[in-house]
Number of protein chains: 2
Amino acid sequence: MPHLPLGHGREFDLLRAIYTRLGSAAAPLGDDCALVRVGGATLAASIDASLEGVHFRTDWLSFEEIGWRAAAAALSDLAAEGAKPVGVLVSLGVPDGGWGKGEGGRVRQAPAQNPAQAPAVEIMAGVAAIARSVGAKVLGGDLTRAERYFVDVCVLGTAARPVRRRGAQGGDGLWVTGRLGGGRLALESWEAGRRPEDALARRFARPEPRVAAGRWLAARGARAMIDVSDGLAADAAHLAVASGVALDIALELVPCWPGAAPLVAAASGEEYELLVALPPAFGDRQARAFARRFGLPLTRIGTCARGAGVRLSDRGVAVAPPAGYDHFAPRP
Amino acid sequence: MPHLPLGHGREFDLLRAIYTRLGSAAAPLGDDCALVRVGGATLAASIDASLEGVHFRTDWLSFEEIGWRAAAAALSDLAAEGAKPVGVLVSLGVPDGGWGKGEGGRVRQAPAQNPAQAPAVEIMAGVAAIARSVGAKVLGGDLTRAERYFVDVCVLGTAARPVRRRGAQGGDGLWVTGRLGGGRLALESWEAGRRPEDALARRFARPEPRVAAGRWLAARGARAMIDVSDGLAADAAHLAVASGVALDIALELVPCWPGAAPLVAAASGEEYELLVALPPAFGDRQARAFARRFGLPLTRIGTCARGAGVRLSDRGVAVAPPAGYDHFAPRP
């Protein structure tokens with residue numbers, strides 16, 4: 001029976017049930033991207049859906065930001081594979097009001113007679129902006145009437161040396177790009193009825209997939225990599241299961257967004273930073289080279305060890321892991 | 001300014017507005033598939049969304065049929081390009097009830113504790129069945145909580161000699177595979193509260209994308225091809241615009257599903273047959289070879305000519321074209 005190397009949760013139970021039922025019809029799953037040989041290259045592909053009311057709200061984000069964020073989330077999967085983006089395909093669901101005058105949204109909508117500034121056009125402009133910034137084209141799409149907005153993005157790239165979730169070894173260092181916790185802080189602010197301050201709102205609305213960073217890390221021998229979309233603790237669990245190692249994470253080392261406590265940073269989903277296992281020889285000198293090149297910290301937060309599971313500690317004291325981000329779990 | 005070669009309609013106006021806004025960020029659009037060079041091969045890719053309440057109803061189809069039909073619709077785009085399927089990626093939207101006991105659907109649902117027979121698993125089993133039948137793997141996916149079911153399928157294939165919508169020339173014959181009109185008849189039956197008879201229900205619920213037929217036609221010099229998803233008349237208009245030709249179609253030659261009048265057959269959407277322009281030398285002998293090989297008629301229904309637009313006639317008398325299928329138009 002095939003085994004899908006994922007952590008715990010209702011979503012993952014269902015994914016395992018699907019994978020079991022598919023049997024030989026399924027390619028090996030359980031990575032950020034599917035990998036398939038095309039011509040003489042390795043194609044990396046991933047699909048990522050963003051839904052109004054689940055992943056975004058039109059009173060929090062402009063339509064352009066909605067498109068940007070949806071595409072960035074999918075492109076982050078290419079980043080985590082160390083892949084070079086080629087293009088995106090987008091399925092767009094648009095309510096009747098999305099054609100012109102209609103419901104809310106920070107972007108004012110054009111009259112129904114003029115589709116040039118319709119929300120669907122704004123969404124695709126956001127998709128195109130982030131795609132262009134990482135060298136990808138908008139290859140195609142589908143446009144459908146829907147009750148609520150949705151943006152489903154399939155990304156395609158090529159990977160000369162794909163980095164999987166499996167491959168981490170005991171003794172490897174565990175590193176993370178950027179700072180974590182901004183996603184959760186931004187959500188908390190909006191949920192309390194306050195617009196987050198600009199840097200925080202931008203962090204949430206226009207995340208930057210770590211595509212160049214992912215390729216750099218792949219070229220420097222990254223052994224295993226995953227993007228932080230379910231939250232650091234949950235994604236570390238996926239990486240630990242896939243690699244068959246334990247991960248020791250020191251919370252006091254986790255780089256936090258200003259104002260975010262380490263445990264909040266470790267639970268915050270949709271961060272789109274990279275969690276990466278690097279060989280023991282990778283050290284502070286290389287991390288400084290990374291920081292200079294990308295204007296972004298690369299921080300060692302722990303170690304891969306023999307064993308299983310994720311072990312969090314705070315200054316040497318064990319800490320229970322936070323719940324991961326699960327779209328199927330009741331929202332707080 | 002880029003020009004998107006599509007016919008008329010509200011959906012196509014919005015697509016043109018999007019394409020104009022994307023500018024150089026967009027690859028050439030307006031074909032059944034995007035084509036991109038990867039590793040010395042030509043990759044063909046397309047994405048196609050199916051939504052509950054727009055494309056399917058859970059009281060008409062089983063969940064397995066919903067998955068089959070959604071994937072078949074996307075695979076039909078590969079067929080129209082003459083491409084060889086490689087794999088599919090699927091975004092699945094599942095309401096809370098889709099995890100176990102819940103709303104309707106012909107498939108009985110397992111208790112919430114056992115996801116093995118959950119609707120999401122049935123949907124993916126349908127996707128896998130049609131994918132396997134054309135040599136494609138399920139490469140990956142995304143699973144999301146949603147208010148209503150949706151199945152968004154991205155298909156990937158390779159095309160040694162892709163057939164575009166452009167390329168038809170004056171003097172080419174215009175041919176269609178299979179018989180048209182079954183889709184509309186099935187819908188009418190369900191909308192009247194009657195389950196269609198078995199062959200008709202199967203035609204609607206388990207369409208067979210003409211993948212092998214499309215590759216056969218490509219190898220025999222097909223000049224332009226499109227799948228009949230918007231309806232024969234509307235898709236002929238797309239092909240005419242893309243190729244810069246007029247299409248003369250004789251309705252009395254259109255192969256009809258038993259009980260479907262030719263004008264109904266010409267308007268019926270989501271048929272997933274192929275409309276193809278073949279050089280003048282392609283004749284009845286080759287069509288008989290096609291029929292023997294695929295157990296499916298290949299019928300000459302008209303001619304490509306200099307000019308523009310689609311000209312329908314019935315035994316020599318001009319007939320006004322039916323409205324195409326447009327998801328954004330009010331439903332009858």
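## An exposed arginine with positive phi

Let's start in a loop: B:Arg315 is exposed, with 9 other C-beta atoms within 10 Å. The scale here calls a residue buried if 20 or more other C-beta atoms lie within 10 Å of its own, exposed if 12 or fewer, and partly exposed in between, with C-beta atoms placed from the backbone. The loop holding B:Arg315 runs between strand 11 (309-314) and strand 12 (317-319) of chain B. Helices (H or I, at least four residues) and strands (E, at least two) are DSSP runs, numbered from the N terminus. The phi of B:Arg315 is positive, near 50 degrees, and this residue is not a glycine. Most residues other than glycine have a negative phi.

A word on the model: it is predicted, so local features need pLDDT of at least 70 and side-chain atom pairs count only at pLDDT 80 or more, while totals for chains, interfaces and linings use all residues. Residues are numbered from 1 along each chain as its sequence is written, and chains are lettered from A and ligands numbered from 1 in the order in which they are written.

## Two buried loop residues in chain A

A:Tyr272 also has a positive phi, about 60 degrees, without being a glycine. A:Tyr272 sits in the loop between helix 8 and strand 9 (274-278) of chain A, and it counts as buried because it has 24 C-beta neighbours inside 10 Å.

On the other side of helix 8 (262-267), the loop coming from strand 8 (246-250) of chain A holds A:Ala260. With 23 C-beta neighbours inside 10 Å, A:Ala260 is buried too. Beyond its neighbours within four places in sequence, A:Ala260 is in contact with A:Gly181, A:Gly182, A:Arg184, A:Leu185 and A:Ala265; contact means that C-beta atoms, placed from the backbone, lie within 7 Å. A:Gly181 is 79 residues away in sequence, yet the two C-alpha atoms are 5.6 Å apart.

## Helices

Helix 2 (residues 63-80) of chain A has 18 of its 18 residues buried, so the rest of the structure largely encloses it. Its end C-alpha atoms are 26 Å apart, in agreement with the 26 Å expected for 18 residues at 1.5 Å a residue; the expected span is 1.5 Å times one less than the number of residues. After this helix comes A:Gly82, with a positive phi near 70 degrees.

Over in chain B, helix 4 (residues 182-191) packs on helix 5 (residues 198-205) at about 110 degrees, with the axes 9 Å apart. That makes the pair roughly perpendicular, a label for angles of 65 to 115 degrees, whereas under 35 counts as roughly parallel, over 145 as roughly antiparallel and the rest as oblique. The buried residues of helix 4 of chain B are B:Gly182, B:Gly183, B:Arg184, B:Leu185 and B:Ala186, and their cover includes helix 5 and helix 8 of chain B.

## How the chains meet

Chain A superposes on chain B by a rotation of 180 degrees with 0.0 Å of shift along the axis (RMSD 0.0 Å). The copies are thus related as by a two-fold rotation axis. In chain A, the C-alpha of A:Gly39 is the nearest to that axis, 2.5 Å away.

At the interface, 60 residues of chain A are in contact with 60 residues of chain B. Strand 4 (137-145) of chain A gives the most to chain A's side, with 9 residues. As for the copies, they meet through the same surface, because 100% of the interface residues of chain A are also interface residues in chain B.

Definitions and conventions:
Contact = placed C-beta atoms within 7 Å. Least-squares fit on C-alpha atoms with pLDDT ≥ 70 in both. Axes fitted to C-alpha atoms, helices over the stretch in contact; angles between N-to-C directions.
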